[in-house]
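Work through the exercises below with the sequence and the coordinates side by side, and try each task before reading its solution.

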Amino acid sequence: MRLRPLSVCCLVVLTASPSLANSEYFAMVRQTARVYRVAVMMDQMNFVADGKGGQTFHIDLKSNRNNFEMVLLVGYIAAGEAMKTGVKPSEIHVTVEVPLGEGYRLMTRAKIDDVERLLDGEVNAAQFARLIEYL
């Protein structure tokens, strides 16, 4: 059986589309975080399937001793801004490594609706910090 060029092209596009969307999303996260001077590498981000058929976005960030709150907010802002690419995860998880003592790891998650409210200016950073769940 010989495959026609059009069917091969359609197969490639259908299988590559989700990975292309993820790479666009990741690039937008990196670009937004860079504006706030927070370094993000591609291997610090991933999507994980949740049990409801959606995907959650996970990002691991590193902070200095005194700016972990700012780095945490930048993670959510960058992930929210990246939704402009058309990818909308069901939840966002941000983990921040804080070099205090032997090391401290701040693990959080937020609902997409709360992140959108932050980006729209309906809630400020202090109110958003109360909406996120600390794990």
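**Exercise 1.** Is Tyr36 buried, partly exposed or exposed?

*Solution.* The model is a predicted one, and the starting point is the relative accessible area of Tyr36, which is 38%. Buried means under 20% and exposed means over 50%, with partly exposed in between, so Tyr36 is partly exposed. As for its place in the chain, Tyr36 lies in the loop between helix 1 (5–35) and strand 1. On the surface, Tyr36 forms a nonpolar patch together with Val35 and Met70, and the accessible area of these residues together is about 290 Å².

**Exercise 2.** Describe the sheet, from its strand order to its edges.

*Solution.* The sheet is open and has five strands in the order 1-2-3-4-5, with mixed pairing. Its edge strands, each of which pairs on one side only, are strand 1 (45–49) and strand 5 (133–134).

**Exercise 3.** Trace the pairing of strand 4 with strand 3 and with strand 5.

*Solution.* Strand 3 (residues 91–98) and strand 4 (residues 104–111) run antiparallel and are joined by eight bridges. They form a hairpin with five residues between them, and in the turn Gly101 has a positive phi of about 60°. Within this pair, Val94 stands opposite Thr108, while His93 stands opposite Arg109. Turning to strand 5, two bridges join it to strand 4, again in antiparallel fashion, and the bridge partner of Arg109 there is Glu133.

**Exercise 4.** Place helix 2 and helix 3 against the sheet.

*Solution.* Helix 2 (residues 68–81) lies across strand 2 (55–62), strand 3, strand 4 and strand 5, and runs at about 150° to strand 3. Helix 3 (residues 112–120) lies across strand 3 and strand 4, running at about 90° to strand 4.

Methods. Residues are numbered from 1 along each chain as its sequence is written. This is a predicted model: local features need pLDDT of at least 70, side-chain atom pairs count only at pLDDT 80 or more; totals for chains, interfaces and linings use all residues. Side-chain values use heavy atoms; hydrogens and water are left out. Two strands pair if DSSP finds at least two bridges between them. Helices (H or I, at least four residues) and strands (E, at least two) are DSSP runs, numbered from the N terminus. Contact means heavy atoms within 4.5 Å. Axes are lines fitted to C-alpha atoms, for helices over the stretch in contact, and angles run from 0 to 180 degrees between N-to-C directions. Patches are made of residues with over 30% relative accessible area and no salt bridge: like charges are joined within 9 Å, nonpolar side chains (Val, Leu, Ile, Met, Phe, Trp, Tyr) within 5 Å. Accessible areas come from the Shrake-Rupley method with a 1.4 Å probe; for residues, only the protein chains shown count as cover. A salt bridge is a side-chain nitrogen of Lys or Arg within 4 Å of a carboxyl oxygen of Asp or Glu. Buried means under 20% relative accessible area, exposed over 50%, partly exposed in between (1.4 Å probe, protein chains only).
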